[in-house]
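Hello,

Here is the structure for you to look through. Please open it first, then read the notes below.

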Amino acid sequence: MDKTPRGLLATVLFALLLGGCAYQPGPAERLPDDPQALLEQASQQEGEQAAISRLEAAAILARQDQRTQALEVASELDDAALDDADYQRWALLLSRLGGEAEDASAVLRATQDIDARDIDREAANTLRERRARALAEIGEHLAAAQAFLAVQRDTDATALNEDIWHSLSRLDGQQLAALADDAGGLTEGWIELARLTRDSGSDIERLFSQVDSWRNRNPRHPAAREVPSDLLALRELRGQEIRHVAVFLPESGPLASVAEAIRQGLRTHHLNAVERNGGLRMSFFDSSLGDLELLYAEARDAGAQVAIGPLDKELVTRLEERDRVPIPTLALNYGENDRNQADRLYQYGLSAEDEARQVARRAREDGHRRAAMLIPDNGWGRRVGEAFEAAWQRQDGTITSRVSYDPSGSATDSTQRALDGGTPDMLFLLAVPSFARQVPPTLDYYDAAELPIYATSHLHEGRPQPLLDHDLDGVNFIDIPWQIPDAAVGGEEALPFQASYRQLREDADPSLFRLLAMGVDAYELALRLPQFRLLPDSELFGATGTLSVGSDGRIHRRLPWARFENGLPRPVLVTDFLDDEGVTDDAMSLDDAPLGNEPLKAPESSDGER
């Protein structure tokens, strides 16, 4: 046998080679590639060890493209048990998986504690950006704008301009004011740009003159270096400004009084907007005879570019059955068909069905699942009730009782029947003030005072009446901004179109004031029809709500919420998201600008068509 050092080394190497051939790795050494084994191990562990095992399993599943299971595992582990380094890995993994799955709640959970952890600057900005996108996805545009701006403030990245502008464009006046509180130069520049865009109305030349001035004053601002594409796109509207509007309203017949209120709103706002829309003409045509061909012929002969009207539902139904209307038209009602098929036809009105659907969304977002319904026993009540019920059931809500009441009768029996149908956790109320004021005391009598009530605008007369309305204390309802300025935007000075508001409010009949406001918004919508066609996601922050256009040309309203306290409407800030798994409002807030949102709470202790 060779006993030289060289021979001994060869013998040792040969023995090791034989040992390696016979060696079989144990279970513990296979774990890095075996997520199921890691999960089994985690079930026997506690605290940080269990969390790390689950994190490794989730990471392996993600690498293996088993993203659904990876998301589930990452979502369920105890991130509080991880140290900062592992927390950063987990947050980046879960937020990426949540974003890919379009699961906003997962992204929000992954990013809710980033400011309390010691995380790399680059990773922290990545997480803030993902958080901002998730907030925008669920409609929390104020918080989204704050998060995007925080990243841009740290990086000066123009790549975020489109996202910032998208969220800023969806903030109402009160939200812009909240964003401006304690804002630095970056945010102030964005807010100024957003406001001058809104104040310009449909005057594109004026808008871009102001944008150029803004850029000259702020040459280093990210939006000056790279103007958002939606803003630049408005240049295409040069030469398309509306200079002549035809208005089709009846001067006689059953809709004459409604038409007169809308006409007054149009005329008043037109006079107040002369400086902004200089040279604009309005021509009024009597639609009482219902001859659509004659109306359009007269409008074209007069040189009108767009039409406002008709008001009659039957005429609107006839229009929406066409392939195309002669000139772009903003009808002042909604047709009877399921869908509008006419090109260039838009439909706008004070739809009670729209309000019912918004109530259903809000109540469901507040965590309610079992709704009792109290609606008038007439055609209007049935239509609005069906809209609420359909929206509620689409969100997996259940109806415990659907009570149709006599609008001229007492609320005692019908309210009791609404409670007898099951165990509701909220009440949908559609009623005019005289009936609505009876409902909360009746609930109190039947030991159901804690049942939250959600209502449409119809229970609010639109003027301060604390002695009459104290019975409505605790009731949550929606209404147009012009009816609830303190609750909607923090006061009259923040309302859209203030000059028209003050002039129309002074001598207005409260029962007609919403129609006056409708005339104001119809005017503004008509001037923006070219913009809505070019940029379908555009919104108008109007007298009757935040207005947007659906894919079929129907205008949808989003209304502010209020709650009666001491007989007066008080603000209830809207949250568009309520996560059942622990993503709370506090979790969604940023250090420098909390959301301030709150779910609607239970209180402490129509027979007309619109």
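**Notes on the model**

Glu102 lies in the loop between α6 and α7 (104–111). Keep in mind that this is a predicted model. Glu102 has a positive phi of about 55 degrees, although Glu102 is not a glycine. At 63% relative accessibility, Glu102 counts as exposed.

Helix α6 itself spans residues 84–100 and includes Asp86. Is Asp86 buried or exposed? Asp86 is buried, with a relative accessible area of 13%; the cut-off for buried is under 20%. Neighbours within four places in sequence aside, Asp86 is in contact with Ile52 and Leu55.

**Other backbone points**

Asp156 is another residue to look at. Its phi is near 60 degrees, a positive value in a residue other than glycine. Asp156 sits in the loop between α9 (141–155) and α10 (161–168). Asp156 is partly exposed, at a relative accessible area of 40%.

Then there is a cis peptide bond. It runs from Gly309 to Pro310, with omega near 5 degrees. Pro310 is in the loop between β3 (306–308) and α18 (313–320).

Why list these? Most residues other than glycine have a negative phi, and most peptide bonds are trans.

**The chain as a whole**

The protein chain has 29 helices and 15 strands. It counts 610 residues, and buried residues make up 53% of them. The chain exposes about 27,500 Å². Carbon and sulfur atoms supply 47% of that area.

**The seven-stranded sheet**

One open sheet has 7 strands, in the order β7-β6-β8-β9-β10-β14-β15. Its pairing is mixed. The edge strands are β7 (398–405) and β15 (568–572), and each pairs on one side only. Neighbouring strands of this sheet are turned by 25 degrees against each other on average, direction ignored.

At the β15 edge, strand β14 (residues 561–565) pairs with β15 over 5 bridges, in the antiparallel sense. To find the register, start from Ala562: its bridge partner in β15 is Pro571.

Two helices are worth a look here. Helix α19 (residues 352–365) packs on the sheet. It touches β8 (426–429), β9 (453–455), β10 (476–478), β14 and β15. The direction of α19 makes about 150 degrees with that of β9. Helix α20 also packs on the sheet, touching β6 (370–376), β7 and β8. The direction of α20 makes about 165 degrees with that of β6.

**The three-stranded sheet**

Another open sheet is formed by 3 strands, in the order β11-β12-β13, with antiparallel pairing. Its edge strands are β11 (539–542) and β13 (555–558), each pairing on one side only. The twist averages 25 degrees from one strand to the next.

Strand β12 (residues 545–549) is joined to β13 by 4 bridges. Thr546 stands opposite Arg558 in β13. Which helix packs on this sheet? Helix α27 (residues 513–527) does, touching β11, β12 and β13. The direction of α27 makes about 155 degrees with that of β11.

**Aromatic rings**

The structure holds 13 aromatic pairs. Take Phe388 and Trp392. Their ring centres are 5.6 Å apart and their planes are at 15 degrees, so the pair is stacked; planes under 30 degrees apart count as stacked. Phe388 and Trp392 are 4 residues apart in helix α20 (residues 379–394), and are therefore separated by about one helical turn. Phe388 is buried, and Trp392 is buried as well.

Tyr445 and Tyr446 have ring centres 5.1 Å apart and planes at 85 degrees, so this pair is edge-to-face. The cut-off for that class is over 60 degrees. Tyr445 is exposed, at a relative accessible area of 64%. Tyr446 is partly exposed, at 27%.

Elsewhere, ring pairs link Phe248, Phe285 and Tyr296 into a cluster.

Charges sit over rings too. Arg267 lies over the face of Phe284, 4.4 Å from the ring centre. The charged end of Arg505 sits over the ring of Phe513, at 4.2 Å from its centre.

Best wishes

Key
Residues numbered from 1 in each chain as written. Predicted model: local features only at pLDDT ≥ 70, side-chain atom pairs only at ≥ 80, totals over all residues. Heavy atoms only, no water. Phe/Tyr/Trp six-rings, centres within 6.5 Å; stacked < 30°, edge-to-face > 60°. Buried < 20%, exposed > 50% of the residue type's maximum accessible area, 1.4 Å probe, protein only. Lys NZ or Arg CZ within 6 Å of the ring centre and 35° of its normal. Areas by Shrake-Rupley, 256 points an atom, 1.4 Å probe, with all protein chains shown as cover. Contact = heavy atoms within 4.5 Å. Pairing = 2+ DSSP bridges. Axes fitted to C-alpha atoms, helices over the stretch in contact; angles between N-to-C directions.
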